[in-house]
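User: I would like to learn how to read the features of a protein model, one at a time. Could you take me through them with the general idea and then the case at hand?

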Amino acid sequence: MYDTQFSSHQIVYEDNHLMVINKKAGQLVQGDKTGDEPLLDSIKNFIKIRDSKPGNVYLGLVHRIDRPTSGLVMYAKTSKALSRLTQMVKNREIKKTYWAIVAKEMIPQTQKLTHFLKKNEKNNKSVVFPKETEGAKEAVLTYQIIRTLENYQLLEVDLETGRHHQVRAQLSKIGVPVKGDLKYGAPRSNPDGSISLHARTLGFIHPVTKEPVEITAPVPQHDPLWKACE
């Protein structure tokens, strides 16, 4: 199944204010009912040992991605950075791009999708509606096909909103569920339990230095299909 051990080579960006890691599929971003150790705790322990820090290490989660998804997750190392970054997420000032491997179905080369998503807490799944519906939130993304493989195609997805399971639910709605995503209609699972969705890039203005930052996460290297995409 998953390899969920955190290792230092997953750190793709770090300074005094923030840390961005390339999450492996299966790693838990924050605690849930499984009781498995979340990355937040693993990274805190790692920093404590690496930097010989007495007492507690401060680390705040800026945004989350689903457990079976790989790619970029940002953490704040100071409370000042966390409050600024959280505000930036709210204001949609952090640009997020995903890569998704989907079946080779006939879909437009590029398309903007607008749906309304309502989270079903019971089965932890988002239901997609074509128009405004009570309790549903607007979900907007734009995708383009950037590579065609023998049986699959690679989509680059730019998110305008950040809704629960947004990419998974919206792509499923147009007939191309993410490879391995049984929950949203993929025909079979991936051998390691992952889904072929990768948080590829983050772009933002640094909350403290005000410099532009763009970070790209390498795709999972153990997967030949992903390697063929990069």
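Analyst: The turns below take up aromatic rings, charges over rings, empty spaces, a helix and some single residues. This is a predicted model, in which local features need pLDDT of at least 70 and side-chain atom pairs count only at pLDDT 80 or more, while totals for chains, interfaces and linings use all residues. Residues are numbered from 1 along each chain as its sequence is written, and side-chain values use heavy atoms, with hydrogens and water left out.

User: How many aromatic pairs does the structure hold, and how is such a pair described?

Analyst: A pair of aromatic rings is described by the distance of the centres and the angle of the planes. Rings of Phe, Tyr and Trp (its six-membered ring) pair if their centres lie within 6.5 Å, and planes under 30 degrees apart count as stacked, over 60 as edge-to-face and the rest as tilted. This structure holds one aromatic pair. The ring centres of Phe-6 and Phe-46 are 5.6 Å apart and the planes stand at 75 degrees, so the pair is edge-to-face.

User: Where along the chain do Phe-6 and Phe-46 lie?

Analyst: Helices (H or I, at least four residues) and strands (E, at least two) are DSSP runs, numbered from the N terminus. Phe-6 belongs to the segment before β1 (11–14) and Phe-46 to helix α1 (residues 39–50), so that the pair links distant parts of the chain, 40 residues apart.

User: Which of these two counts as buried, and which as partly exposed?

Analyst: Buried means under 20% relative accessible area, exposed over 50%, and partly exposed in between (1.4 Å probe, protein chains only). Phe-6 has 16% relative accessibility and therefore counts as buried, whereas Phe-46, at 22% relative accessibility, counts as partly exposed.

User: Which charged ends sit over a ring?

Analyst: A charge sits over a ring if NZ of Lys or CZ of Arg is within 6 Å of the ring centre and within 35 degrees of the ring normal. Lys-125 has its charged end over the ring of Tyr-184, 5.4 Å from the centre of that ring, and Arg-200 has its charged end over the ring of Trp-99, 4.0 Å from its centre.

User: How should I read the empty spaces, and what lines the largest cavity?

Analyst: Rolling a probe the size of a water molecule over the atoms shows where empty space is left. On a 1 Å grid over the protein atoms alone, a cavity is a set of points where a 1.4 Å probe fits but cannot get out, and a pocket is an open set with protein on both sides within 12 Å along at least five of seven lines; lining residues have an atom within 4 Å of a point. Grid points are joined across faces, edges and corners, and a volume is the space filled by probe spheres set on the points. Here there is one cavity of 30 Å³ or more, and the largest cavity has a volume of about 40 Å³. Its lining consists of His-63, Leu-72, Lys-96, Thr-97, Tyr-98, Ala-199, Thr-201 and Leu-202, with β5 (95–103) and β10 (197–205) each supplying at least two residues.

User: What is the volume of the largest pocket, and which residues lie nearest its centre?

Analyst: The largest pocket holds about 1600 Å³ of space. Its lining has 42 residues, of which Arg-64, Asp-66, Arg-163, His-164 and His-165 lie nearest the centre, and the elements that give two or more residues to this lining are α2 (79–90), β5, β6 and α3. The second largest pocket has a volume of about 350 Å³ and is lined by 21 residues, with Lys-24, Ala-25, Pro-220, Gln-221 and His-222 nearest its centre.

User: How many residues of helix α3 are buried?

Analyst: Helix α3 (residues 166–173) is mostly covered, since six of its eight residues are buried, namely Gln-166, Val-167, Arg-168, Ala-169, Gln-170 and Leu-171. Just after α3, Gly-175 takes a positive phi of about 95 degrees.

User: What does Leu-141 touch, and is Leu-141 buried or exposed?

Analyst: Contact means heavy atoms within 4.5 Å. Leu-141 is found in strand β8 (137–148) and counts as buried because its relative accessibility is 0%. Not counting residues up to four places away in sequence, Leu-141 touches residues including Gln-166, Val-167 and Gln-170, which are among the buried residues of α3. The C-alpha atoms of Leu-141 and Glu-160 are separated by 5.5 Å, although the two are 19 residues apart along the chain.
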